[in-house]
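User: Please take me through the terms applied to this model. For each one, I should like to see the value set against the criterion behind it.

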Amino acid sequence: MINLQDLDQDQRIAAAAPRGPVCILAGAGTGKTRTITYRIANLIDQGFISPNRVLAVTFTARAAGEMRHRLNLMGIGGVQARTFHAAARRQLSYFWPQVAGNLRWTLLDNKFPLVGRAMRGAGMESGTDKVRDVLGEIEWAKASLISAEQYPEKLGLRTPPAPAEKVAEVYARYERMKTTEDGVLLDFDDLLLHTAGALENSPAVAEEFREQYRSFTVDEYQDVTPLQQRVLEAWLGERDDLTVVGDANQTIYSFTGATPDYLLNFSRTYDNATVVKLQRDYRSTPQITSLANTVISQARGRAAGTRLELQGIRPAGPEPEFSAFDDETTEAREVAGRILTLIDSGVPASGIAVLYRINAQSAVFEQALADAGIVYQVRGGEGFFNRAEIKQSISQLVRASQRDVDDSDLLRLVRRTLVPLGLSAEEPEGARERERWQSLTAFVELVEELLTATPGLDLEGLLQKLRQRAEAKHPPTMEGVTLASLHAAKGLEWDAVFLVGLVDSTLPISHAIKAGDEAIEEERRLFYVGVTRAREHLFCSWSLARQEGGRKSRKRSRFLDGIVVDLPAEHGRARSTRAKNCRSCGRPLVSPAEKVIGRCGQCPSTADEDTFEELRTWRNSIARDDNVPAYVVFSNATLMALAETRPGDENELLNVPGVGPMKIEKYGRELLRILGGHPQAG
Ligand code: ATP
Ligand code: MG
């Protein structure tokens, strides 16, 4: 039974709208996915359409599974919920004979070798990273409906990894190479292209398809590519039974050609569309939505024009926490410790996620979780031991063991073996080289640790230990903590989220910084996606050096500017805290003085003047006695904060910026006397 009472009023308008164009344009956690699921269920339940006439497009296979599951729980079976690619693949398999006769086609799921060959054919060097970069360009062009000939002129602000004409030549060669004597090879984008083509060019195919599928929904519509949009339009033909939902602020796949334009223009394309905006955030506590609003309020560009303020309607929860650590190992260890505490307090492991920018970052966290005995699974990327470079490292070591090498200095042997795979002394520049280098370094660190734990270990023994580790770390069935990249976390939610490695040049990632403002804005949205995955607990962390004892040259992510303030280091531990909002009006505080006082310049002071004056006179006399400038004792801003917040004991004093343990020891009693000696200002 479908109960639309489970939805709020705005959600219900979208879910109950008659068949026809509907657009939900709303922020994270406002129930977009829930609403389309109810809409599908309701249309079916009311007899407007039968389940097998509905095609629901989701962003990932996992989301498709989840939607089918939710529909099943509501007693609705038989709805096709798929990704664009999976839907196209199925349709093409079915229609192919009608459009291509007995020409054979095979899915090309690894384009890499072919692009490598095309590059060599074009006289280019074809190292792994170069191939990957050129491949990225070909994928972008195909998703953007840009042909090889058009590529150089349609580049826009993109910086190609090689001269544009060269990339275009490789692209053209690659396309030609897919036609072989045995038939054609189709990559994933070809599946979409040919599906659209079959519907556009063959009236019989179009008629049969449109007879079958009559109602369409697309989730995460802000990240649709021109190619996917073309498929969608081919599916629809002249019809308009289409529901789309999305959030322009969560556009995080522009680099692949995705664009929020179709979402933002929807009501212009369909002037009879029902357009619904949702504001209430059902997922996250007000503490988290407030942070999310601050993050996205700093966004620039097109998506920023559709700013949607989230209203947290859940009961209050803990403030988001911000921590800086000396190095990554410490960061990972502390995160693992916090996770244990959360699990002890009753949060299920499956309700916890550690999210990072690039998959290579998972290594150190996998290590720390394994050491702490926490079950986890890696989503999106592969686990550490499944990474190509780690598999290569191990197989090179196996080869070495067969050659009877000298393993008296095992660590040195391992390092030497890894050099040809990309282990250099210095961290390399490019994002991909860096990712691999980080994996390899993590591998050497793991070896180092195993050698310390078992002195006298030989190569054979080391390989055995590595195999054990690899197996122990992948408990196949247990539900554990999720490790995932921010990209893979889209649409999902957890009780507790750890956003880790928030270092400038990781988030925003270095190649985005090089590429400029638009790319940086996409990174900011990625951060926003991360923040909005959390229901209740949010921990943001970063480390100042990569390795233990390393130079602390890293800076925290620029996206934390104005959100956290760095406190002076204490006991060797870097400290940070959440920036405050104005005590009176709630606006984020900007200037250093405002932050100290805890109130913005526009709001009137809540201090009583006598207290402030007495504090000032007292401070000035101490400064005179000690022969130091007045601000060395206490700044005016700190005095104002004291007068306005009126701390009643030493602990409360410590909460005032500018008051530390030393100052409490020296002046604490005197301060409390002055503050206690005046009545609270009205
Ligand atoms: P995202 O932008 O991250 O994809 P979304 O808008 O799709 O988010 P959902 O995942 O549909 O949001 O919903 C977020 C959470 O809020 C889910 O746990 C959902 O069950 C819950 N929720 C949504 N609407 C309601 C409601 N009216 N009453 C109670 N819970 C709700
Ligand atoms: Mg969603």
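User: Which domains does the assignment give for the chain?

Analyst: In this predicted model, the domain assignment gives domain 1 (4-88 + 191-278), domain 2 (109-177), domain 3 (321-383 + 474-571), domain 4 (392-471) and domain 5 (578-682). The centres of domain 2 and domain 3, taken over C-alpha atoms, are separated by 33 Å.

User: What makes the pair formed by Asp-6 and ligand 1 a polar contact?

Analyst: A polar contact requires N or O atoms within 3.5 Å. A backbone N or O atom of Asp-6 lies 3.3 Å from a nitrogen atom of ligand 1, so the pair meets the cut-off. The criterion is also met at Gly-29, where a polar backbone atom is 2.9 Å from an oxygen atom of ligand 1, and at Arg-533, where a polar side-chain atom lies 2.8 Å from an oxygen atom of the ligand. Of the 630 Å² that ligand 1 exposes when taken alone, the protein buries 85%.

User: Which residues surround ligand 1, and which domains supply them?

Analyst: The shell has 19 residues, with Lys-32, Thr-33, Arg-283, Glu-493 and Arg-533 the closest. By class, three are nonpolar, eight polar and eight charged. Domain 1 and domain 3 each supply at least three residues, and helix 2 (residues 32-45) gives the most of any element, with three.

User: Why is the largest nonpolar core said to lie between domains?

Analyst: Domain 1 and domain 3 both give residues to this core, so it lies between them. The core has 40 residues, and those with the most contacts inside it are Leu-355, Leu-499, Phe-527, Leu-538 and Trp-542. Its largest share, six residues, comes from helix 21. Another core, of 34 residues, lies apart from it and includes Cys-23, Leu-192, Leu-232 and Leu-263.

User: Why is Arg-646 called buried, and why is Ser-505 called partly exposed?

Analyst: Buried means under 20% relative accessible area, and partly exposed lies between that and 50%. Arg-646 has 11%, so the residue counts as buried. Ser-505 has 23% and is therefore partly exposed.

User: What is notable in the backbone at Arg-646, Ser-505 and Pro-508?

Analyst: Arg-646, in the loop between helix 25 (636-645) and helix 26 (650-654), has phi near 45°, a positive value in a residue other than glycine. Ser-505 also has a positive phi, near 95°, and its place is in the loop between strand 16 and helix 20. Pro-508 is found in the loop between strand 16 and helix 20 (510-515), and the peptide bond from Leu-507 to Pro-508 is cis, with omega near -5°.

Methods. Residues are numbered from 1 along each chain as its sequence is written. Chains are lettered from A and ligands numbered from 1 in the order in which they are written. This is a predicted model: local features need pLDDT of at least 70, side-chain atom pairs count only at pLDDT 80 or more; totals for chains, interfaces and linings use all residues. Side-chain values use heavy atoms; hydrogens and water are left out. Domain bounds come from an automatic or database domain assignment. A residue is near a molecule or strand if one of its heavy atoms lies within 4 Å of it. A polar contact is a pair of N or O atoms within 3.5 Å; within protein, one must be able to donate a hydrogen and the other to accept it, and residues adjacent in sequence count only if both atoms are side-chain atoms. Accessible areas come from the Shrake-Rupley method with a 1.4 Å probe; for residues, only the protein chains shown count as cover. Helices (H or I, at least four residues) and strands (E, at least two) are DSSP runs, numbered from the N terminus. Ala, Val, Leu, Ile, Met, Phe, Trp, Tyr, Cys and Pro count as nonpolar, Asp, Glu, Lys and Arg as charged, and the others, Gly among them, as polar. A nonpolar core is a set of buried Ala, Val, Leu, Ile, Met, Phe, Trp, Tyr and Cys residues joined through side-chain atoms within 4.5 Å. Buried means under 20% relative accessible area, exposed over 50%, partly exposed in between (1.4 Å probe, protein chains only).
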